[in-house]
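This report describes the fold, the confidence and a few selected residues of one protein chain. The sequence and the structure are shown first.

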Amino acid sequence: MPTLGSTLLLTLLMAIGLVFFLRAASKDRTTVVDVHSPQPPVQVLDGLSDWLTARGWQTEAGDPERQLLRFRGQVRSSLPLALLLSLLGSVGAACLGLVLRQVLPSLGWWPLLLALVGPLAGVVYRRRAARPESLEMRLISGDSDDGSTLRLRAHRDELIAIERELGPGLQLASDGSLLSSPI
């Protein structure tokens, strides 16, 4: 019986881990980064705007006084990740059902029906991960001699994509913290 108790505890900890993974997978990761380019501001802003438009972002608004441009887009959830979470949730719930069956044999085989709750993990992920996102570009300095410095505020993954895909072409340089951070 002590073995079953520890197995039950470990299975419950696995379920708690799944809940925290679901929360982390759909967490807002908005980040602010300053980038500099030796190119003129108009060229950098046009390059960024064209690239964002090609990726499905739409121009939302701008504030000429603050030298700010806003874009909006819709983030979609990952179908493979939703399927994986559904599978893991089903297997985990079935394991919990088996442990409950061993701890409380009077329940019969009913605890195995917990496996039917597993796909709920994928549904929860899909609902929370699909959300509107925004991207803000603010021109900090635009001296024609010194190039241009922009402050970008967006989802971390989008900023990483900008740094990787547009960095060489527009000669964008940041402090490099986006690509060096493990999260």
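Strands β4 and β5 are joined by five bridges and run antiparallel. Within this pairing, Met-137 lies across from Leu-152 of β5. The model is a predicted one, and the pairing described here is read from its coordinates.

The β4-β5 pair belongs to an open sheet of five strands, ordered β1-β5-β4-β3-β2 with antiparallel pairing. Its edges are formed by β1 (30-37) and β2 (58-63), each of which pairs on one side only. From one strand to the next, the twist averages 20 degrees. In general, the strands of a sheet pair through backbone hydrogen bonds, in either a parallel or an antiparallel sense.

The strand pairs of the sheet are listed below, each with an example of residues that stand opposite one another.

| Strand pair | Sense | Bridges | Example of opposite residues |
|---|---|---|---|
| β1 and β5 | antiparallel | eight bridges | Thr-30 and His-155 |
| β4 and β5 | antiparallel | five bridges | Met-137 and Leu-152 |
| β3 and β4 | antiparallel | eight bridges | Leu-68 and Arg-138 |
| β2 and β3 | antiparallel | five bridges | Gly-62 and Leu-69 |

Strand β3 spans residues 68-75 and β4 spans residues 131-141. Besides the bridge between Leu-68 and Arg-138, Val-75 of this pair stands opposite Arg-131 in β4. On the other side of β3, the hairpin with β2 has four residues between the strands, and Gln-67 in that hairpin adopts a positive phi near 55 degrees.

Strand β5 covers residues 148-155, and six of its eight residues are buried, so that the strand is mostly covered. Helix α5 (residues 156-165) is likewise mostly covered, with seven of its 10 residues buried. The buried set in α5 consists of Arg-156, Glu-158, Leu-159, Ile-160, Ala-161, Ile-162 and Glu-163. Charged residues are among them, including Arg-156, Glu-158 and Glu-163.

Two helix residues can be compared with the accessibility limits. Ser-49 is located in helix α2 (residues 41-54). Is Ser-49 buried or exposed? Its relative accessible area is 16%, and because the limit for a buried residue is under 20%, Ser-49 counts as buried. Leaving aside residues up to four places away in sequence, Ser-49 touches Leu-69, Phe-71 and Met-137. One of these contacts, Met-137, is the residue that stands opposite Leu-152 in β5, and another, Leu-69, stands opposite Gly-62.

Val-123 lies in helix α4 (residues 120-129). With a relative accessibility of 38%, Val-123 is partly exposed, because this class lies between the 20% and 50% limits. Val-123 is 41 residues from Ala-82 in sequence, yet the two C-alpha atoms are 7.2 Å apart in space.

Aromatic features are few in this account. The structure contains zero aromatic pairs. The charged end of Arg-101, however, is placed over the ring of Trp-109, at 4.1 Å from the ring centre.

Confidence varies along the chain. The mean pLDDT of the protein chain is 82, and 93% of the residues score at least 70. The lowest confidence is found in helix α7 (residues 177-180), with a mean of 59, and the highest in helix α3 (residues 79-103), at 87.

Key
Residues are numbered from 1 along each chain as its sequence is written. This is a predicted model: local features need pLDDT of at least 70, side-chain atom pairs count only at pLDDT 80 or more; totals for chains, interfaces and linings use all residues. Side-chain values use heavy atoms; hydrogens and water are left out. Buried means under 20% relative accessible area, exposed over 50%, partly exposed in between (1.4 Å probe, protein chains only). Rings of Phe, Tyr and Trp (its six-membered ring) pair if their centres lie within 6.5 Å; planes under 30 degrees apart count as stacked, over 60 as edge-to-face and the rest as tilted. A charge sits over a ring if NZ of Lys or CZ of Arg is within 6 Å of the ring centre and within 35 degrees of the ring normal. pLDDT is the predictor's confidence in each residue, from 0 to 100. Contact means heavy atoms within 4.5 Å. Two strands pair if DSSP finds at least two bridges between them. Axes are lines fitted to C-alpha atoms, for helices over the stretch in contact, and angles run from 0 to 180 degrees between N-to-C directions.
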